[in-house]
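Let's go through some questions a first-year student might ask when looking at a protein model. Each reply sets a value beside the rule behind it.

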Amino acid sequence: MKVSYNWLKQYVDLEGITPEELGDRLTSSGLEVEGIEKTAYATKLVIGKMLSCEDHPNSDHLHVCKVDTGSGVSQIVCGAPNAAQAVGKKVIVALPGCELPGGTITESVLRGVESAGMICALFELGVDKKSLSESQLHGIEILDDDAPLGETDVLGYLGLDDTVLDVSLTPNRADCLAMWALARQTGAVLNRKVTLPEEYKLENELPATAKIEIETPNCAWFLGKVVNHVKLGPSPEWIRKALQANGVKSINNLVDISNLVMLETGQPLHYYDLKKIQDRDITVKQGLDEVYTALDDVDYKIEPSDIMITNKGRAVGIAGVMGGDDSKIDESTEAILIEAASFDHVCVRNTSLRLNLQTEAAQRFIKMIEPQAGVKAMWRSVELLTKYADASGIEETVVAGNLIDGVKTISLTLDKVNSVLGTNFTMDEIVEPLKRLDFSPVTEGNTVTVTIPSYRYNDISLPEDVIEDIIQVKGYDNIIGTLPQMPQTIGALEPMNKMGRQIKRYLKGCGLHEIYSYSLVGKNQLDLGVMPLGEPIGLMNPLSDERKYYRTSLSASMLENVSYNAARSASDFGLFEIAKVYAEGKEEETRLSIALTGNMVQSEWKKASVPADYYAIKGIVYGVLEELGYNANRLTVKENTECVNVFHPYQSAVLCLDRKPVGILGTVHPKLRKQYDLANTVLCELNLSAVEQAHAAKLRFTAIPKFPATGYDLSMLVRSDVTAEKILSVIKKHGTKLLKESEVFDVYQGTGIAEGVKSVAVRMTFRSDEKTLKDADMKPIVADVIKALRNEISAEIRDR
Amino acid sequence: MENWEKLRLEMLEKINAVRNEKEMEQLRVEILGKKGVIQGYMSRMRELSPEERKEFGKSVNELKNSVETYMKTVHAKLKEAALEEAIKREKIDLTLEGVKPYNGSLHPLDLVQQEIEDIFVSMGYSVVTGPEVEINLYNFERANTPAGHPARAMQDTFFIDEDRLMRTQTTAVQMRALEKYHDHLPIKIICPGKVYRRDDDDATHSHQFSQIEGLVVAEHITLGDLKGTLELMCRRMFGEEQTIRFRPSYFPFTEPSVEVDVSCPFCHGKGCNVCKGSGWIEILGAGMVHPKVLSAAGIDPEKYTGFAFGVGVERIAMLRYGVDDIRDFFQNDVRFLSEFNREE
C-alpha cells in the first residue's frame, strides 16, 4: 500500500526522520518498504501567468505563448491543446535548466521560434497518472487564480512535495491498511508520539429511520446511518492531497470523505443516495442470480454465493466489492445512507476474483477488517461530513448483527519470552516495547498481562504473537546465534536419496549430463509414455494445456530435451534425469530416464568413440545396476512388444531384474527420430522404486584364486536368430564347475558366410581351485560342450 | 707368415666403418660366420705342421677374440644409437588434447541440494521426503492455513480436485513428519523437494521449483538456535566470514517469523549490483514453529518448541553460480549443463 510521508507526519512526530530512514525502520519492524518515491520531481519551477497564446506560424498544433514569470516575460512554445484556455491564468513554468523526470529543459528553437522553457502538465512532473483526471492527462495544469505569481516552491504549493512509501504488508499486518494503525505502529517503532483524531462524539442524534436486516451468516454486523441533509461540493485541499498521495482521484466531498475514512480506519464505506433507497430498508443476503449494473456502469453476472445488499428485493450493491449504479452519489444527492459492515473474507474474495473486481474495499475485506473499524468509520464520517458537507439531520446508527469490542487480554511470563527467543531480557526490557505498542502491560511477579487493542484483533491471540511484537520493536539484532542443546541425533540420507546419488555419480562418470525437466506435461507427451504408470492426474486450473497433467513417464520430456539440444547443434551427448511419476490410484514411482545420441566421444582426434546404439545404453544401464549391487546374472532382457511407438521394435528390450520387468531400453523408433529430427538416439526408462525393492548384494571379498585360469576359444556357425544368451546358456550347462566364465568375443555375418547364418566366437575360461589345469583336463569338457552345441542349437563348430 | 696385427687393424677399421646394425650383421657373417674370414684361417690349420699350427692357432684365436670383443662394443653403441634414433622419431605433439575419461555433469540445482543436505546431515539431521501430489490437510491445514486464510492467496495453487493439489511448499513434508514422529521426539530433519505454484514462468518465477526445509522440534529450542544454525549453514555455503540478519516476516506456520539475509558474499557488505547496494541478500524464510502447528500434530507446545526454515534451491544456485534467469535451470541446454562438471 502507498503511504504518504506528509500525511503520516500529521499523526506521528517524524521530526528529523527522513523518508529513507523511516523506510528502513518500518522494514526492520515487519512492514517491508519496497519503494520510496517522490510524488513529483522538478528543480527549477515557477508559477507564471499566461499573457497570450498564438498559433505557431509553422505548426498546426503548437502555440507560441508569452508568460509572466514574476521576474520578466518569457516566450515559450507549448503543444498543449488547452493552452489557449490558460490565457490570463496561472500556470506552472519550467525554466531553462529545470530537471524533470523526462529530462532537462533548455532554451531552444522550435520550428523557427525561440522557446525559453516549458509550461507543464502534472504528469510531466512525475505525478502518478492514476491520480489525475482525463483533462489533467491531456493538458497543462491551470492553477487557481490566487496562486502566487513568481512562487518558486511550486511543488510545495501544489502539495506535491511529498514522498510516498510503498509498503508491502504481510497478511497478518493487514491492520496497517488503516492509516491510523500504521501511525501507531510507526510511533511504536520510532518511539515517537502519536496523535490521532479524537473520537467524535455523536450527540443529539435523531431517532433512526433506517431498517437493516441480515439474512446471511456471512455478514457479522452492519452499521447503517441516515444523514438527512448533505451539501455536495468540492473537497478541502487537505483531503484532496491525502487522496492524491494514495493514488485516489478526488471526485466530490462525499465520495472523497468515504474514501478518506476508509484509508484512515481500514473500514470500506458505502454512501447511498438516500432517495434511491426505498423505505430506507436494507437487507443483506445471498442467493441472488441475476445481472447487475454496478457503479462503474458495467453489467455483472451475480451468483447465489455472492453477498448482496438489497433494497426491497432489488440489488443495490455487491457487498464488500462495489456499490450499485442506480443508488450512487450524484449531483442530485441531498441525503445519504452510510453503510459500514463486515463481510466474510472468503465470500468477498471469491466474488472479487470471479468478477475480476479487485477494488480497494474488496482488498480490505479479503484481508479482514478489525471489529471496531465500522464504529470508528461511522463517527469519523459524521465528523468530516459535518465539517465539509454541511451535514445535518443525523440519525442514530442502526446496528444489525453482532458487534464486538475486539479487545483481548493475554498473559505471558518472562521465562516464556526468553525461552522462545533465547534471550536474557529483564521484565523492564519487555514492558517497555509493550507500552510503546499500546498493549497496556500490567506486571505481577514474573507475569505480564497485556490488553490488545481491537485493530490487532485478527493477528494476536497467543503469547507467541505478543513475543513476536516484542522482538520486532526491540530489534532482531538482540538475538545471538546458538546451537540447539538437545539429545544427539544421527543424520542420514533416505535410501532412495542415497541410491539416486550413487546413480548420478556413476552416470556423470559415463559423461552424461543431469537434467531437471518440468513434471507437468501436455497430452502429446502423455501419448509418448514409456511404461506409463496409469491414468494421468490432471489439474483443475492449469496455466496451459502444455502443463496440464502430472507426467506418468519421463521419456517424452527426455526426448524433448534431446531434440532441443540437437536443434542447437549439439550432436554427441547423453542426458539423464531422476524424477517421480504419478497416476490416479497408484503409488508414486521414482524413475530414471537416460538418453544417448550420436556418439559417446572420448577423443575426437584419437577416434575414441562409441556409437550411441542399443549396446551402449544397455552397457550403461547394466553398469548402473551393477553399481547398485545387482549382479549382471540377475539381469535379463526380453523382447519389447508393449512400447513399440517410442522404440524400434527390433532394437529394444524389456529389462528384467530377477525376472521382473523394471525398465525398457533401446533405439528410438525411426518415425519418432524423424519427427524430433534426431540422429541415432537410444533411450531407457527404469523404475527405481522397483529396483529398490529388490535386494541388493552386499559387497563381499572373494579370495584371489591360487591357480591360474586357462582360456579356450570356440568358433561356430549358428542360425542368425540364435541369441548369445542361448549359446552361453548351453555352454554353461555343460561346462562343469571348472568353467568359470564364458563370453562372446566376436560375431560376424556377411561375406563368406551363408545367408541366415552367423559366425560366433566364444571364450571359455576354466579354472580349478585345486590345481593348474592341463589341456587333458579340459578336453572332455569341451567335447561335451561341442556335442551339446551341435545337438541343441545345431551349431557347426569351425576348426580351431 | 701372416701379418696378424695388420690383419687385425684392417678388421677393426672395417668395424669402425659400419653404420648400422644391419651392416654389422653382414660384417659379422663376413668375419666370424661359418664361411667367414676367421673360419677360413681355421680351415688352413690342417695344412700346417704341428708347431706352426699351434702358433697359427693362437694367433687366429687372438684375432678372433679381439675382433669379436670390439665388434660387440661397437654393436652395443650402434644399438644405442639406433634406439636414440627410434626414440627421436617418436617425438609427438605435446599440445594435442589428452584422452580424458568421460565426464558429465550434475545439475546445478542438484549440486546445491546435495551440498545443503550434506551440511545438515553432518549436524545430525535426517533427510525426509514426501509426495508432490499432496492433500490440503498437509499442505495448508496442518500448517495453520485453513481454507479462506489470507495466506493461501499468497501461493497460487494448482488444484487437482477438492482435496488434492500440487504441493506449494515442502512444509507439507514437515507436517507429515510431525504427525509421524510426534511421540518419537526430538525431530531433526530436512526436507528437499519440488514444489509448484501457479505462476507464469519468467526470469525470476517458475511454476516448478525446489525447496529445502529444515525442522527441529525438541525441548528448549530457541530463536537463537535458529539463528546459530542458519549462520553455520551460510558460512559453509558462502564463506566463513559471512554474517546473517533476521528481518520480521510472516508465515502462518511460524511465530515469530523472519526473513533471513546473508551478508553479500560478492561485495562483503559494501554494496554491489547483486545485493542492489544493500550489502545483504535475502536467502530464506524461517521462524519458530507455531504452537497451533505443534498441537495439531499432537505435540505439547508448552513442553516442546521448534524452529523451521525454508530455502529456495534455485535462489541459492542463482547466487552461487551467477545464473540470472531461472528458466535456464529447466531448459537443460547441454552448453549450460556442461559448465557444472564439478563439485565445489
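Here come the ground rules, then the questions.

This is a predicted model, where local features need pLDDT of at least 70, side-chain atom pairs count only at pLDDT 80 or more, and totals for chains, interfaces and linings use all residues. Residues are numbered from 1 along each chain as its sequence is written, chains are lettered from A and ligands numbered from 1 in the order in which they are written, and side-chain values use heavy atoms, with hydrogens and water left out.

Q: How do you know what radius of gyration a compact globule of 800 residues would have, and what does chain A have?
A: The rule is 2.2 Å times the number of residues to the power 0.38, and the radius is taken over C-alpha atoms. For 800 residues that gives a value near 28 Å, but chain A has 42 Å, so chain A does not match the compact globule value. Along its principal axes, the C-alpha trace of chain A spans about 125 × 85 × 60 Å.

Q: What does the globule rule say about chain B?
A: A compact globule of 344 residues would come out near 20 Å, but chain B has 43 Å. The box around the C-alpha atoms of chain B, along the principal axes, is roughly 135 × 45 × 45 Å.

Q: Where do the domains of chain B lie, and how far apart are their centres?
A: Domain 1 covers 4–89 and domain 2 covers 108–340; such bounds come from an automatic or database domain assignment. Taken over C-alpha atoms, the centres of domain 1 of chain B and domain 2 of chain B are 90 Å apart.

Q: What makes a stretch count as a helix or a strand?
A: It has to be a DSSP run: H or I over at least four residues for a helix, E over at least two for a strand, numbered from the N terminus. Chain A has 21 helices and 44 strands, while chain B has 12 helices and nine strands.

Q: Why is a residue called buried?
A: Because its relative accessible area is under 20% (exposed is over 50%, partly exposed is in between; 1.4 Å probe, protein chains only). Buried residues make up 52% of the 800 residues in chain A and 55% of the 344 in chain B.

Q: What makes two residues a contact?
A: Heavy atoms within 4.5 Å. In chain A, 69% of the contacts with a separation of 6 or more join residues 24 or more positions apart.
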